[in-house]
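Q: Could you take me on a close look at how some of the helices in this protein pack together? I am new to this, so please go step by step.

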Amino acid sequence: MQSETVLTGGRVVDGTGGPSRRADLVLRHGRISRVLPPGNARTTGTVVDVDGLVVAPGFIDMHSHSDLAVLADPAHEAKTLQGVTLEVLGQDGLGYAPVTDDTVEELRAQLAGWNGRPRLDHSWRTVGGYLDRIDAGSPVNVACLVPQGNVRMAVVGGEDRPPTPGELDRMRRIVAQGMDDGAHGLSTGLTYTPGMYATDDEITALLGPVQAAGGYYCPHHRNYGSRVVESYRECLEIARRAQVALHLAHCHVNFPQNRGRAPEVLDAIDEATVRYGLDVTLDSYPYRASATHLGAPLPGWAQAGGTAATLERLRDAPTRARILREIEVEGTDGNHGVPMDWSAIVVTGVGDPALSWAVGSSVADLAKKRGEEPADLYADLLVADELRGGCLLQVGNEENIRTIMRHSSHTAGSDGILVGAKPHPRGWGTFPRYLGHYVRELGVLTLEECVRHLTSRPARRLGLTDRGVVQTGAVADLVVFDPDTVAARATYDEPRLAPQGVHHVLVSGDFTVRDGRRTDRLPGRSVRRNR
């Protein structure tokens, strides 16, 4: 008889949104082989008593920046200890595949504020090559998107200009290859260079191969601030024109002037769903602060040509003055058209240890302590650190967050950036925070509905019929937690604290977390579209 694992006596919340029930789960060959009434399982294999605990499908992080962490950090406790069993990478139009020999180092430099610079062999160049590396063993399963910024950089470079017809055709072929390699769709980062230089027509054209392959469009759109509703409508229109499914990344309605406007965004989504039959989902994280790299608020024109060209502009006094005026007075495209509030931008990490004095404080507070103007301190810090820093932006609205998480298309995405001295706690706390704070403490969602948001709904977006649910034949990606104690412990002051209340996590039936501790197992593999 083949070795089996039995989880006995647990309360199964199966991911469908239906009522929970007590049951024994029998796991064999990486799948759920039987779901039985409690006390009915008989096995010669391993029996784990989970009486009093919830057994649910493993959580799916629909928006993650663990692209290098899953390769460089075998423990990957930020996600494994939360109960995450699948992460979707290649987000915000920037990633590590596809790349060329000419673009790989520029992308590594540009993404240092999100992913650091761990020692890795970056010999892959394609989406398929990256996923092959995952298949050598990973702490979690990995799905990925084709980042549009990578594609544009490979063909047009960092220039702010439209592609020629020949260049557009080359970009479409790169996207098609990524989809053939198993990507689930195309991501954009339309406040980041070089992706922001693309028109809506260009993006629609790139979605042709995505539509043909049955993938989806995942935009970080052009404006989460002064034109937030209009920008969401633009995403809906692109999806309509391209005839693709749409997944709205980190669907937040931020900045003080947008307080209470989440219903306008959701109404636009519902209208497009009814009028055009669009297939729309979205993700969010349950925190008010956002996070990105420290240079993100710079105007797009100032970032044209890549890191070296940006630094040169910041060193040139007249150009620097123009940049800082746009940031402070006019509101740049990089800061969503909103003039900068220097008290809202907090430094989370730097590349140069000599600049660690800046970490953990807002630009406004640092400037006050040092007797400098905030804009000048910001520009000096970018230059001294060669654009490697990260930051928090304290611009969210709690009312909007709660409204969005109730929507029928909602899923969870941590948007977790795991590097820096004081990164955003969402990287370590998103999923237990949903379950502890918003389910148990506030009652914004029921436990069954919240688990559905974290499991089966994202699985359906990815086209995965055998994940995200607890049922016979499903892949045994599972999380076992205590509904009375599960909670995020990570804070802005101590962002790397592990959650509490998560007892066991299994990937393909293999324990990655046992009794709250990370094992040494690496059962995660690539989850490729239609494979």
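A: Happy to! Let's begin with one pair in this predicted model: H10 and H15 are roughly parallel to each other, because the angle between them is about 25° and angles under 35 degrees count as roughly parallel. Their axes lie 9 Å apart, with H10 covering residues 262-276 and H15 covering residues 398-405. Where they touch, H10 brings Ala-262, Pro-263 and Leu-266, while H15 brings Asn-400, Thr-403 and Ile-404. Sorted by character, the residues of this contact are four nonpolar, two polar and no charged.

H10 also leads us to another helix, since H10 is among the elements that cover the buried residues of H9. Helix H9 runs over residues 228-242, and its 15 residues span 21 Å from first C-alpha to last, close to the 21 Å expected at 1.5 Å a residue. Its buried residues include Val-228, Tyr-232, Leu-236 and Ala-239. Besides H10, their cover includes helix H8 and strands S11, S12 and S13. Just after H9 comes Gln-243, with a positive phi near 60°.

H8, in turn, has a packing partner: H7 (residues 165-180) meets H8 at an angle of about 30°, with the axes 9 Å apart. These two helices are therefore roughly parallel to each other as well, and their crossing is right-handed. On the H7 side, the contact includes Leu-168, Met-171 and Arg-172; on the H8 side, Glu-202, Ala-205 and Leu-206 are among the residues taking part. This contact divides into ten nonpolar residues, one polar and two charged.

Key: Residues are numbered from 1 along each chain as its sequence is written. This is a predicted model: local features need pLDDT of at least 70, side-chain atom pairs count only at pLDDT 80 or more; totals for chains, interfaces and linings use all residues. Side-chain values use heavy atoms; hydrogens and water are left out. Axes are lines fitted to C-alpha atoms, for helices over the stretch in contact, and angles run from 0 to 180 degrees between N-to-C directions. Helices (H or I, at least four residues) and strands (E, at least two) are DSSP runs, numbered from the N terminus. Angles under 35 degrees count as roughly parallel, over 145 as roughly antiparallel, 65 to 115 as roughly perpendicular and the rest as oblique. Contact means heavy atoms within 4.5 Å. Ala, Val, Leu, Ile, Met, Phe, Trp, Tyr, Cys and Pro count as nonpolar, Asp, Glu, Lys and Arg as charged, and the others, Gly among them, as polar. The expected span of a helix is 1.5 Å times one less than its number of residues. Buried means under 20% relative accessible area, exposed over 50%, partly exposed in between (1.4 Å probe, protein chains only). A crossing is left-handed if the near helix is turned anticlockwise from the far one by less than a right angle, and right-handed if clockwise.
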